[in-house]
Amino acid sequence: MSSVGYFAAEDKIAIKQTRVAIPSENGLSYGPGQKINISIPRDIDFFQPKESYLSMDVKLSLPAGRAPTRLSLDEYIGGQVLLRDVRVYTAGGTLLEEIQNYNTLVSVIYDYDTNQNIKNKRGLTEGTMTNTPFYRGTKGSTNSDNTNHTTSPYYNAYDDELQNVAFDDTDYNNAKLLLPLHTGIFQNDKIFPNTAGLRLEIVLEDNVNVFRQLDSVNKRNRPVLNPHFHSVDGIGGQWLSGSSTTTLYFTRDNTNTNVGNFPFVVNEQFKLFNPTNGSEALSTTANYEISAINVSNTADGGNGLVEVTIANASNNGSDTSTDFVIYSDVTRNIQSNLTYNPSFTVSNVEMILQKLEMPDGYKNEMNRQMRSGGEMAYDFLSYQNFKQSILSSDTVANIVLPLNFSRAKSILSVPTDSTVRDAAAVISCRGGYQYSLDPQDEDMINTRGAIPGIWDNLQTYQFNYNNRLQPSRKIKTDKTSSKESISQQAIFELEKALVQAGIDPRSFTAFQRNAVIGRALALQDGVYDCRGKSFQLQLEYTGTSAPQFNKLINNYVFHLRRLRIGAAGVTVDL
């Protein structure tokens, strides 16, 4: 064994690291669908991309003239849901990478590379939500990450005193978010030589897919987590059809022990229904509306119950029982066909970079070598989305992928729901994909609109590239699509694809609510040359029941890119 250099110290370079904040160029605030531009000047010669973050303030706004409810951004990816497309250019306009449907890709990363510690960290910096003991289910439902209304960054919490003032836009805060950018360059752990300057273009998402209502007020997602009805008098009297009342009392189930824990707000409109049989207590003339929330210490024999004072209090529906729960109905309006369209404002946008200051001698030597015809090569793992849509009537689909990458790693295909919906339908889960049949939860409808993947009765899939079927037999997904079991081979294929994509698969708890089809094109440090080869993804939806939803198939191809940096500029090798 050679011992050359064993006793010799390696050359070390003293590097100074400072934090630099670069504001956006073209505005102080941004709304849905608008574009954010950020230019990183050449005088920031080197920076550490993986320690750089996008900083922004986000404020949510309720629709004017409509009843309030507690809204937040996506509970799993937080502020990342606001970023629809991300592009990275050099200052001269050379496109280095482009990621369309960026928020869908982040949902895959955050759903499969997660554990409780990581979720807590994201909750502190990125505006995601985590379950909390302050509102824990006591009726046998699965855990929800979207019930935390006591420490939400997006709005003020109620205290335990009587609440009789309307909840409105003044209760929403400017949430300070710090988002890592999940692009190839900004997730690389190698120092980036910014010799040509960089320009970021970020297109914000529309209103439709970004807002989430608490699971503890939702009719169609874990309704057993909602407050359970007790009586109209605090003793046990039920609300009979044809009768009226101005007070409703709710049990202490699901930790509804005080005003601060109660998930509804003053002026919120609601109904009561039985999740088991679907019967409702309702008014045919006007929505029920909360005018005050209090705790009655004398109710239930002195044990105390949450007391809700209501308006429009005639029951024209079914007799209630203690099986009934309350659910928010703010997105519907009996008296007029009004839309429910909340909005958001993004402000104070900055790119926070970890700038590295190299010694002058190092920079002079590098510049000298470039002027002499030398060049610097910089490799990073990037991804590109090849999109194709299919209709619900397409029970067999052949997705053609025009790939031209010389060093491909893996493919992650995410079939998302492309049904045209408004924000009201997404918030209330109306018409969404049911991803689980867990009887304890009653209903588990997709709350995230077009962000996650859906199985929608997919039976098998198979790739075909280089005129060969890969793998040689079809991968079955019928058990997962049945919502009652799991198709093991598909999970095994997905795990390999995630690893090759640089995503650490720490958890597969999201395999039902976020459908992802994976194919590793190489293993370990290997790569696959896609050039000159045909690629297809074959999907079969034929089964006992037909698919229900139109879908957009997002095919994220992970591959190595090389930047060649020389005196003449920057070129990109795919």
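**Close-ups of two pockets and a helix start**

**View 1. Who lines the second largest pocket?** Sorted by class, the lining of this pocket has eleven polar, nine charged and seven nonpolar residues. That makes 27 lining residues in this predicted model, and the ones nearest the pocket centre are Tyr76, Asn143, Arg222, Thr509 and Arg513. As for secondary structure, H1 and H2 are the elements that give two or more residues to this lining. The space inside comes to about 520 Å³.

**View 2. The largest pocket, with a volume of about 750 Å³.** Look to the centre for Lys50, Asp113, His182, Gln187 and Gly502, the closest of the 30 lining residues. Helices H1 (102–112) and H2 turn up here, each with at least two lining residues, and so do three strands: S4 (46–61), S20 (375–390) and S27 (551–566). Class by class, the lining here holds 13 nonpolar residues, ten charged ones and seven polar ones.

**View 3. Asparagine 115 at the start of H2.** Here's the N-terminal end of the helix, which spans residues 116–125 and is capped by asparagine 115. The contact to look for runs from a side-chain oxygen of asparagine 115 to the backbone nitrogen of asparagine 117, 3.1 Å apart.

**View 4. Glycine 127, just after H2.** Past the end of the helix, the backbone at glycine 127 takes a positive phi, about 80 degrees. H2 itself is a helix we've already met: it supplies at least two residues to the largest pocket's lining, and it gives two or more to that of the second largest.

Note on methods:
Residues are numbered from 1 along each chain as its sequence is written. This is a predicted model: local features need pLDDT of at least 70, side-chain atom pairs count only at pLDDT 80 or more; totals for chains, interfaces and linings use all residues. Side-chain values use heavy atoms; hydrogens and water are left out. A polar contact is a pair of N or O atoms within 3.5 Å; within protein, one must be able to donate a hydrogen and the other to accept it, and residues adjacent in sequence count only if both atoms are side-chain atoms. Helices (H or I, at least four residues) and strands (E, at least two) are DSSP runs, numbered from the N terminus. On a 1 Å grid over the protein atoms alone, a cavity is a set of points where a 1.4 Å probe fits but cannot get out, and a pocket is an open set with protein on both sides within 12 Å along at least five of seven lines; lining residues have an atom within 4 Å of a point. Grid points are joined across faces, edges and corners, and a volume is the space filled by probe spheres set on the points. Ala, Val, Leu, Ile, Met, Phe, Trp, Tyr, Cys and Pro count as nonpolar, Asp, Glu, Lys and Arg as charged, and the others, Gly among them, as polar.
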